[in-house]
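User: I have a protein model open and some terms to sort out. Can we go through how each label is earned?

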Amino acid sequence: MNREQPPRRDFLRYVGTLAALSTPALQAGASEKDKVEFPPIYDKSEKPEKTEPPADPWNERVGIALVGLGRITVNEMLPALAQCKHARPVALVTGDRAKGLKIAHQYNIPESAVLDYKDYDRLAQMPDVQGVYIGLPNNMHLEYTVRAARAGKHVLCEKPMANSVAECRQMIDACRKAGRKLMIAYRSQYEPMDRALVAMVREKKLGALKEFVSVNSQNMGDPQHWRLKRALAGGGALPDIGLYCINAARFLSGEEPSEVIGNVWSTPGDARFREVEESCQFILRFPSGFIASCSTSYAAHKSQHFRLNGAQGWAEMNPAYAYRGLQLKVSRVVDGKEQATDVRIEEKNQFALEMDHFARCIQQDREVHTPGEEGLQDQRIVEAIYQSARTGKAVKLSPPGRTRGPEPQTEGS
């Protein structure tokens with residue numbers, strides 16, 4: 001046996017539920033009447049293999065209106081909807097009708113369902129639209145969430161949730177008052193490798209968690225990009241890409257920070273950073289003694305990784321946070337020797353997974369996994385980091401209460 005890798009049985013024992021996360025999907029569009037089933041061939045004492053549920057018939061899927069046709073909607077969410085099992089695109093909202101019509105033709109959306117922003121409230125008269133996906137600049141999330149709720153539509157809003165704690169609370173209150181679901185698009189929490197790592201942590205496979213170290217950086221080029229305008233983005237690298245580090249430290253550990261320390265920096269004379277910070281370094285301290293040390297930048301070569309250190313092992317993702325191509329490595333002591341293993345899990349479209357979860361929660365009237373309270377907590381932490389950076393002092397945080405709903409049981413559910 002190759003002692004450089006742990007035995008297969010031991011590997012499966014400490015990774016846990018990976019097999020269930022990598023089951024290939026059934027053909028899209030299949031219905032219950034099209035399913036072919038065979039009598040079991042295994043002994044009744046054995047547990048049958050799991051298979052993913054078939055896709056809903058097209059006209060039974062949750063209709064989604066996509067609000068804002070920027071890069072994330074056009075390049076990621078619309079193609080993901082073509083892979084979804086429970087959701088379908090039925091309307092577009094854009095300030096550029098020519099662009100909207102071109103995309104509508106591509107995705108078989110009626111021209112009558114291409115709306116201008118000024119016509120947004122017409123969604124209330126469109127029964128095919130059950131939910132909206134908001135992919136707008138951050139400062140517009142509040143308005144278009146509140147108006148969607150008033151129109152009777154459920155909301156999936158991109159992160160960061162809003163530009164302030166006050167705005168987050170208004171969004172939560174509006175959806176609660178209207179009896180509509182509000183989900184924040186934390187795609188990493190639906191991604192198979194991240195979910196497998198959460199399972200490992202809960203099963204104590206790494207032992208007591210001690211440290212989370214992470215970097216998320218990219219080199220912004222255009223000084224006119226909306227993400228570099230404080231009024232639109234609410235801040236610079238911290239609320240945009242630093243948010244991934246904050247959220248990962250929270251959902252992987254299952255803990256909430258009780259204290260933060262932050263520092264921000266912008267290179268003098270760099271036209272990109274007249275309004276927002278170039279970089280931010282921050283520390284999150286947790287009640288158990290677990291600590292997260294993170295760095296984020298808008299002026300460094302692209303780097304996306306984290307290391308989660310436990311008393312009995314570590315897990316490393318590099319790249320992390322990316323839309324695709326994630327790589328996970330786990331190291332533990334096995335039979336007295338350090339064993340590092342590259343964890344192999346079938347890659348899934350993260351946007352499709354989060355959208356299908358949103359759709360299933362609408363269909364079954366279930367609580368979403370990443371509700372508005374999850375976005376609110378991250379915004380509380382962001383504001384505390386900025387406060388620490390201004391004052392040069394650590395900032396205490398009170399416990400937030402419950403921020404997440406039940407875990408998705410299977411992909412797309």
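User: Where does α9 bend, and by how much?

Analyst: This is a predicted model. The bend in α9 is about 50°, and it sits at Leu 243. That angle lies between two axes, one fitted to the seven residues ending there and one to the seven starting there.

User: What span does α9 reach, and what is expected?

Analyst: Helix α9 covers residues 237–253, which is 17 residues. The expected span is 1.5 Å times one less than the number of residues. That gives 24 Å for α9, and the helix reaches 23 Å from first C-alpha to last. So the reach is close to the expected value.

User: What makes α9 "mostly covered"?

Analyst: A residue is buried when its relative accessible area is under 20%. In α9, 17 of 17 residues meet that cut-off, so the label "mostly covered" fits. Across the protein, buried residues make up 55% of the 413 residues.

User: What comes just after α9?

Analyst: Gly 254 does, with a positive phi of about 75°.

User: Why is a set of residues called a nonpolar core?

Analyst: Its members are buried residues of the nonpolar kinds listed for a core, joined through side-chain atoms within 4.5 Å. The largest core here has 109 residues. Val 132, Phe 212, Leu 284 and Met 355 touch the most other members. Helix α9 gives the largest share of this core, nine residues. A second, separate core has seven residues, including Met 220, Phe 273, Val 276 and Tyr 298.

User: Which residues does Met 355 touch, not counting those up to four places away in sequence?

Analyst: Contact means heavy atoms within 4.5 Å. Among the residues Met 355 touches are Ile 64, Met 77, Leu 81 and Tyr 133.

User: How do you know that β13 pairs with β12 and β14?

Analyst: Two strands pair if there are at least two bridges between them. Strands β12 and β13 have five bridges, so they pair, and the sense is antiparallel. Strands β13 and β14 have seven, so they pair too, again in the antiparallel sense. As for single partners, Trp 314 is bridged to Ser 331 in β13. Arg 332 stands opposite Gln 339 in β14.

User: What lies between β13 and β14 in their hairpin?

Analyst: Two residues do, and in this hairpin Asp 335 takes a positive phi near 55°.

User: Is β13 mostly covered or mostly exposed?

Analyst: Mostly covered. Five of the seven residues in β13 are buried, under the 20% cut-off.

Notes
Residues are numbered from 1 along each chain as its sequence is written. This is a predicted model: local features need pLDDT of at least 70, side-chain atom pairs count only at pLDDT 80 or more; totals for chains, interfaces and linings use all residues. Side-chain values use heavy atoms; hydrogens and water are left out. Helices (H or I, at least four residues) and strands (E, at least two) are DSSP runs, numbered from the N terminus. Buried means under 20% relative accessible area, exposed over 50%, partly exposed in between (1.4 Å probe, protein chains only).
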